[in-house]
Amino acid sequence: MTTTRRLTVAQALVRFLAAQYTERDGVRQRLINAVWGVFGHGNVAGLGQALVEYRDAMPFLQGRNEQAMVHAAVGYARHSDRLRAHAVTTSIGPGATNLVTGAALATVNRLPVLLLPGDTFATRVADPVLQQLEVPHAGDVSVNDTLRPVSRYFDRVTRPEALIPAALQAVRVLTDPAETGAVTLALPQDVQAEAFDWPREFFADRVWPVRRPQPEPAALAEAASALRGAERPLLVAGGGVHHSEAQAALAAFADATGVPVAATQAGKGALRHDHPADVGGIGHTGTATADDLARTADVVLGVGTRWTDFTTASRTLFAHPGVRFVNLNITPVDAHKHAATALVADAREGLDALRHALAGHRVTTAYAAGYRAGKERWERRVDAALAAPEPSARPTQAQVVGALDAVVGDEDVVVAAAGSLPGDLHKLWRARAPRQYHLEYGYSCMGYEIPGALGVKLAAPDAPVWALVGDGSYLMMPGELVTAVQEGLNINLLLVQNHGYASIGGLSEATGAERFGTDYRFRAEDGTYTGEPLPVDLAANAASLGLDVLRAATVAELRDALAAARVSPRPTCVYVETDPRVSVPEAQAWWDVPVAATATREAAVTARAAYVRRAAARRHHL
């Protein structure tokens, strides 16, 4: 006989979420481990009260910005291999719309986060309410509908009993590796507070198996045949390798076959930097070794990659006339890209199956020797970029990377997201462990770094976590440093100041826009920038938000500051101004950013000619 328990909708939701678990490979973990929140009308009296009621069952984390809370939840989910997640609750107005960027980031990167924005009255007894967007032609629309296109699942719970199917569908999507992303349950504020007699089974522990689908035999045979016939195969490791915990399977495949392994931003670290088959990052921000191999590869095995334009160099990189693709991906839409032989399967299971199907097959000795020699040549270039001959000199950004590399251990995690740092790290960073390199580059969202680092720290409390942030990205979202102080999360902020948007400034110059609007310097009356930087002190700002701050003016001081920050029990900022005149090795492959077809300024005319020449190499793989 079914018995019931009378609770409000908000209380029932919290109780339900506290009882959801994932299980993979026999390991069971709680799915929703905390709720982030900024309270306002629309959630303070509903979910706010429920979280107080069940504070022992569901931890609460107080954020400062709604977008940042989603970023923190994403960092937590990624570092948890998508088996654990956080929820985020907001009020009905700006709080809800502030979720959109974070939701898009989560969905683009295929990472689970549960969004619980408040909504206007379902009963419409108070209409319009504060912060309500009135839509004259559609009375059932609210600002939460902006979350529909960036959510993998969206529902508005307008009746208490509707929570049961909505909550179950939400968790189904969160735990499905092929569908996961942002999941939104919009919660009208009057419904949150309404009581209902719930079936007790709704609150029972529920385990959601995260399965490992096997590749279909015929597709596996076709893929193995293509790889056996390849003279110059190349494997491209994407983020799916990490999500599947397939790093050991990837190493075993590379050991057995000798196929070189390049990595996307999300896949970097899937193979240790010193593995003989590792050839570094691929694409626009990749290494010369990986990109040269890509240009001549006749069969490309993509594992867990979405094949973005940075990876394919806007479809100019894979230049062999007869190149064919084999895509191993748990998501069918990605497995079928580039007219590939599609292996729709779990990355670990698919790699193991391919290794067995290729038993005894290896690349030629000459091919292996060639890519290993190329790797050695690239490593010498990396050494030169990272080296700091004069410890008393102002460091370059590459030397900042080198100083950090000298301090960290295998257990450290490096978090970055936007600007020039991701490109430098993709080329130069020597990843030592699967989880050390945490780059959000699917959405390349400025402001992700600090809250993302908080999420990583919550997922791995004992790991030293570094948020690498340029001055432009820091100014987007520094507020969660207060959260780090409040929650006692001793993340390390490495704040790199070069007085401008270095990455987009370089792109502006390359495309004929002459670095317009990308500098942090005084403007003259004619609109040009003077040589004097603005009197902005970002280190003082970080200190005002509660961090310990260590300023480093030279390479030697930077090394000392990084070492001190790593062992500090408090959130610490290492602030360094870099010399922007010295850059890392230039891009090894193109990126398609269209240039004005007609212009009077010489910079744009010259850039257009170069663009037309490079664009001619684009191709569809059919």
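**Entry 1: the whole thing**

I began with a count and got 24 helices and 25 strands in the protein. For the record, helices (H or I, at least four residues) and strands (E, at least two) are DSSP runs, numbered from the N terminus. I then looked up the radius of gyration: 25 Å, close to the 25 Å that the globule rule gives for 622 residues, so the protein is as compact as a globular protein of that length. That radius is taken over C-alpha atoms, and the rule is 2.2 Å times the number of residues to the power 0.38.

Before going on, I noted that this is a predicted model, where local features need pLDDT of at least 70, side-chain atom pairs count only at pLDDT 80 or more, and totals for chains, interfaces and linings use all residues. Residues are numbered from 1 along each chain as its sequence is written, and side-chain values use heavy atoms, with hydrogens and water left out.

Along the principal axes, the C-alpha atoms fill a box of roughly 70 × 70 × 55 Å. I found 57% of the 622 residues buried; that means under 20% relative accessible area, while exposed is over 50% and partly exposed is in between (1.4 Å probe, protein chains only). Of the contacts between residues at least 6 apart in sequence, 76% join residues at least 24 apart, a contact being heavy atoms within 4.5 Å. The protein exposes about 24,400 Å², and carbon and sulfur atoms supply 53% of that. Those areas come from the Shrake-Rupley method with a 1.4 Å probe; for residues, only the protein chains shown count as cover.

**Entry 2: helix α5 and what follows**

Next I went to α5, residues 99-108. Seven of its 10 residues are buried, so this helix is largely enclosed by the rest of the structure. I listed the buried ones as Leu99, Gly102, Ala103, Ala104, Leu105, Ala106 and Thr107. What covers them? The cover includes α3 (66-79), β6 (85-90), α4 (94-97), β7 (113-119) and β9 (182-188).

Just after α5 I stopped at Arg110, in the loop between α5 and β7. Its phi is near 60°, a positive value in a residue other than glycine. Arg110 is partly exposed, at 23% relative accessible area.

**Entry 3: two more backbone spots**

Glu514 also caught my eye: its phi is positive, about 60°, although it is not a glycine. I placed Glu514 in the loop between α21 (502-510) and β22 (521-523), and its 37% relative accessibility makes it partly exposed.

I also looked up a cis peptide bond, which joins Asp127 and Pro128 with omega about 5°. Pro128 is in the loop between β7 and β8 (153-156).

**Entry 4: α1 against α6**

Helix α1 (residues 9-17) packs with helix α6 (residues 163-174) at an angle of about 35°, their axes 11 Å apart. Which residues meet there? I noted Val9, Ala12, Leu13 and Phe16 from α1, and Leu163, Ala167, Leu168 and Val171 from α6. By class, that contact has eight nonpolar, no polar and no charged residues.

**Entry 5: Leu454**

Last stop was Leu454, in helix α18 (residues 449-459). Is Leu454 buried or exposed? I got buried, with a relative accessible area of 0%. Leaving aside neighbours within four places in sequence, Leu454 is in contact with Trp36, Glu480, Thr483, Ala484, Leu489 and Ile491. I also checked Leu454 against Asn490: they are 36 residues apart in sequence and 8.8 Å apart in space, C-alpha to C-alpha.

Notes: Axes are lines fitted to C-alpha atoms, for helices over the stretch in contact, and angles run from 0 to 180 degrees between N-to-C directions. Ala, Val, Leu, Ile, Met, Phe, Trp, Tyr, Cys and Pro count as nonpolar, Asp, Glu, Lys and Arg as charged, and the others, Gly among them, as polar.
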